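Thanks for coming, everyone. I have one structure to walk through today. Let me put it on the screen.

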Amino acid sequence: AKARLLRWILLLQEFDFKVIDTCGAENYAADRLSRLENPYENIFDPKEINETFLLESLNKVAHKDPSTPWFADLENYHAVNFIIKGMTSQQKQKNFKDARHYFWDDPYLFRTCADQIIRRCVAGKEAIDILNACHSGPTGGHYGANYTAKKSFYSGFYWPSIYKDAFELVKRCESCQRQGKVSQKDEMPQNFVQICEIFDMWGIDFMRPFPSSKGNIYILVAVDYLSKWVEAKALPTNDARVVVKFL
């Protein structure tokens with residue numbers, strides 16, 4: 001049974017209910033559209049019904065037609081238990097081994113990945129649209145190929161060539177190629193920023209000789225680098241002894 005049908009069976013087992021069959025002639029709500037007059041009747045030529053099973057033809061071109069999704073064989077196997085005829089025992093064994101990681105929930109095929117997260121299988125234009133949204137969409141950010149591929153994984157999608165497609169997408173992105181990666185040769189010089197607390201670093205210097213005032217001819221000035229607090233003292237000399245005493 002299909003996975004969706006099994007879920008409904010498990011859900012309805014908790015309830016007591018009775019199924020009442022209604023005759024089609026009395027079920028006016030369901031048959032309303034079928035009883036409407038068809039204004040286009042007999043306008044088009046009647047065509048024979050094509051009884052060819054689509055999935056059988058799909059399997060035959062799974063490895064030849066580029067428009068066929070990569071998971072066509074797995075999809076047919078899980079949906080209708082169909083296997084390509086003429087496969088060798090090794091090919092069948094590989095197909096059965098790969099099929100264990102997939103399951104069909106109409107109308108999509110899902111894969112249980114190595115991280116035990118279930119992701120939907122996509123292919124073709126849908127996969128490229130997902131990559132474009134993850135790379136250059138409103139929340140894209142024009143990141144690199146690896147990050148763009150991981151973002152697609154985190155969004156719940158899977159296809160085997162996701163990293164290769166992400167690399168090709170970033171390679172063709174005009175915005176990414178214009179900005180590119182700045183080499184060390186073209187980088188702007190960066191200077192270290194001094195980080196300090198208040199009163200941790202001082203600038204000290206003597207001012208030139210002034211006219212003598214009570215025997216003092218020099219002024220020792222100390223300025224805090226962070227708060228710009230100033231301390232000044234008049235001194236008779238400018239040697240190391242008076243500086244140590246000032247500190």
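In which hand does α7 pass α8: left-handed or right-handed? The crossing is right-handed. Before I go on, a reminder that we are looking at a predicted model.

Now the geometry of that pair. Helix α7 covers residues 145-154, and helix α8 covers residues 162-172. The two pack at an angle of about 130 degrees. Their axes are 8 Å apart. Angles over 145 degrees would count as roughly antiparallel, and 65 to 115 as roughly perpendicular. The angle here falls in neither range, so α7 is oblique to α8.

Who makes the contact? From α7, we have Ala145, Asn146, Ala149, Lys150, Ser152 and Phe153. From α8, the residues are Ile162, Tyr163, Ala166, Phe167 and Val170. Sorted by class, that contact has 8 nonpolar, 2 polar and 1 charged residues.

Stay on α8, and bring in another helix. Helix α6, residues 124-136, also packs with α8. The angle is about 55 degrees, with the axes 10 Å apart. That makes α6 oblique to α8. This crossing is right-handed.

On the α6 side, the contact uses Leu131, Asn132 and His135. They meet Ile162, Asp165, Ala166, Leu169 and Val170 of α8. The class count for α6 with α8 is 5 nonpolar, 2 polar and 1 charged. Look back at Ile162, Ala166 and Val170. These α8 residues are in the contact with α7, and they are in the contact with α6 too.

On to the strands. Four of them form an open sheet, in the order β1-β2-β3-β4. The pairing is mixed. Which strands are at the edges? They are β1, at 102-105, and β4, at 157-158; each pairs on one side only.

Take the β1 end. Strand β2 is residues 108-112, and 4 bridges join β1 to β2. The two run antiparallel. Within that pair, Asp105 stands opposite Tyr108 in β2. A helix packs on this sheet as well: α4, residues 72-80, touches β1 and β2. The direction of α4 makes about 60 degrees with that of β1.

Last stop, a hairpin. Strand β6 is residues 218-224, strand β7 is residues 230-235, and 6 bridges join them. They run antiparallel. Ile219 has Ala234 in β7 as its bridge partner. Between the strands there are 5 residues. One residue to click on in this hairpin is Lys228, which takes a positive phi near 65 degrees.

That's my tour. Over to you.

Note on methods:
Residues numbered from 1 in each chain as written. Predicted model: local features only at pLDDT ≥ 70, side-chain atom pairs only at ≥ 80, totals over all residues. Heavy atoms only, no water. Axes fitted to C-alpha atoms, helices over the stretch in contact; angles between N-to-C directions. Helix = DSSP H or I, 4+ residues; strand = E, 2+ residues; numbered from the N terminus. Parallel < 35°, antiparallel > 145°, perpendicular 65-115°, else oblique. Left-handed = near helix turned anticlockwise from the far one by under 90°. Contact = heavy atoms within 4.5 Å. Nonpolar A, V, L, I, M, F, W, Y, C, P; charged D, E, K, R; others polar. Pairing = 2+ DSSP bridges.
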